[in-house]
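Hi,

Here is the structure I promised to pass on. Have a look at it first, and then read on for what turned up when I went through it.

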Amino acid sequence: MIVVTGATGNVGRLLVETLATAGEEVTAVSRRISPSDVPDGVRTVRADLARADGLKEVFDGAGRVFLLTSGEFLAAGGDVAEVVAAAGGARIVLLSSQGVGTGRHAAAYEEAVKASSPEWTVLRPGGFASNAFQWAPAIRSDRVVAAPFGDVALPVIDPADIADVAAAVLRESGHHGRSYVLTGPEPISPRRQAADLGAALGEPLRFAELSEDEARAAMSVFMPPVVVEATLAILGRPTEEEQRVSPDVEKVLGRPGRTFADWAARNAAAFK
């Protein structure tokens with residue numbers, strides 16, 4: 001059985017669907033989940049991974065685990081080693097972040113999984129194409145995209161590609177002990193993302209470039225200061241490694257990653 005944590009998120013929801021379609025036995029886990037959120041035949045468990053008393057039910061019978069640890073997990077004092085221990089000898093596929101490899105984020109979660117799991121793989125995605133959903137209200141109301149660093153390009157990744165890589169790693173052999181950096185097939189700037197969204201909608205969008213201070217103020221409404229500063233640094237002053245297209249999606253899937261334009265076309269309805 002495959003246990004998918006974070007099963008209602010951008011990646012987890014797609015991963016559950018992919019695994020179920022492939023005929024795998026799947027348990028979908030989230031703090032707020034119901035059978036209506038998953039395909040028929042998928043078992044659902046409502047659980048908070050930060051609570052040790054609920055972990056036994058989550059991982060009962062698990063042979064493979066997709067592990068996602070959220071900011072809520074961190075804030076609640078969650079212990080990754082405790083979660084991995086509850087999973088017994090299951091293969092663990094951890095959704096981490098490219099920022100661990102570039103030194104932007106702490107490596108504690110990855111280290112805990114590597115130390116505790118008999119078989120592990122780490123996925124390190126860069127920025128998500130789905131972060132563009134934050135622009136949806138302004139696009140729907142004013143047909144405008146407001147963002148800082150309008151011409152700084154990063155190879156954002158489609159969450160569907162992360163889910164496809166995770167499914168392959170969970171179902172195939174040969175991935176033990178590997179860390180995969182997951183990016184899109186090309187760097188793309190916020191200004192170009194706005195153009196691609198406009199093309200998907202069939203009408204042009206206006207791009208309004210925010211100053212760094214304006215962006216900081218907007219982000220501070222829903223992000224802690226340390227995350228705000230790290231995000232601004234990546235968006236405005238990325239390293240060469242953060243701008244580089246990784247070969248790992250194609251290495252695992254045998255095809256290039258989807259473009260931002262592909263993502264925009266599939267999700268255009270959210271912006272109408």
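Buried residues account for 46% of the 272 residues in the protein. Keep in mind throughout that this is a predicted model. The fold is built from 14 helices and 9 strands. Its radius of gyration is 19 Å, close to the 19 Å that the globule rule gives for 272 residues, so the protein is as compact as a globular protein of that length. If you want box dimensions, the C-alpha trace spans about 50 × 35 × 35 Å along its principal axes.

Some whole-protein numbers on contacts, surface and charge. Of the contacts between residues at least 6 apart in sequence, 73% join residues at least 24 apart. The exposed area comes to about 12600 Å², with carbon and sulfur atoms supplying 50% of it. On the charge side there are 27 positive and 35 negative side chains, and the centres of the two sets lie 2 Å apart.

Now the salt bridges. The whole structure has 22 of them, and I picked out three pairs.

The first is Arg-124 with Glu-110, whose side chains meet at 2.7 Å, N to O. Arg-124 sits in strand β6 (residues 120-125) and Glu-110 in helix α6 (residues 108-116), so the salt bridge ties together parts that are 14 residues apart in sequence. How buried are the two partners? Arg-124 has a relative accessible area of 16%, which is under the 20% cut-off, so it counts as buried. Glu-110 is buried as well, at 2% relative accessibility. Leaving out residues up to four places away in sequence, Glu-110 touches Leu-94, Ser-96, Ser-97, Val-100, Val-122 and Arg-124. That list includes Arg-124, its salt-bridge partner.

The second pair is Arg-216 and Glu-229, where the closest N and O atoms are 2.7 Å apart. This one links distant parts of the chain, with Arg-216 in helix α10 (residues 212-219) and Glu-229 in helix α11 (residues 225-236), 13 residues apart. Here both partners are partly exposed: Arg-216 has 23% relative accessibility, and Glu-229 has 37%.

The third pair stays within one helix. Lys-251 and Asp-248 form a salt bridge at 3.3 Å, N to O. Both residues lie in helix α13 (residues 248-253), 3 residues apart, about one turn of the helix. Are the two ends of this bridge buried or exposed? Lys-251 is exposed at 57% relative accessibility, whereas Asp-248 is buried at 9%. There is also a network to look at: salt bridges that share partners join Glu-212, Asp-213, Arg-216, Glu-229 and Arg-237.

Next, some backbone angles to check. Most residues other than glycine have a negative phi. Which residues have a positive phi here? Arg-143 is one of them, with phi near 55 degrees, and Phe-149 is another, also with phi near 55 degrees. Arg-143 is placed in the loop between α7 (136-142) and β7 (144-148), while Phe-149 is in the loop between β7 and α8 (159-171). As for the surroundings, Arg-143 is partly exposed with a relative accessible area of 21%, and Phe-149 is buried at 15%.

Last, a look at Arg-266. This residue lies in helix α14 (residues 260-266) and is partly exposed, with a relative accessible area of 46%. What does Arg-266 contact beyond its neighbours within four places in sequence? The contacts are Asp-158, Ala-160 and Arg-258. Arg-266 and Ala-200 are 66 residues apart in sequence, yet their C-alpha atoms are 8.5 Å apart in space.

If you only have time for a few places in the viewer, I would open these:

- Arg-124 and Glu-110, the buried pair joining β6 and α6
- Arg-216 and Glu-229, which belong to the network with Glu-212, Asp-213 and Arg-237
- Phe-149, buried and with a positive phi

Cheers

Methods:
Residues numbered from 1 in each chain as written. Predicted model: local features only at pLDDT ≥ 70, side-chain atom pairs only at ≥ 80, totals over all residues. Heavy atoms only, no water. Helix = DSSP H or I, 4+ residues; strand = E, 2+ residues; numbered from the N terminus. Rg over C-alpha atoms; globule rule 2.2 N^0.38 Å. Buried < 20%, exposed > 50% of the residue type's maximum accessible area, 1.4 Å probe, protein only. Contact = heavy atoms within 4.5 Å. Areas by Shrake-Rupley, 256 points an atom, 1.4 Å probe, with all protein chains shown as cover. Lys, Arg positive; Asp, Glu negative; His and termini not counted. Charge placed at Lys NZ, Arg CZ, Asp CG, Glu CD. Salt bridge = Lys/Arg side-chain N within 4 Å of Asp/Glu carboxyl O.
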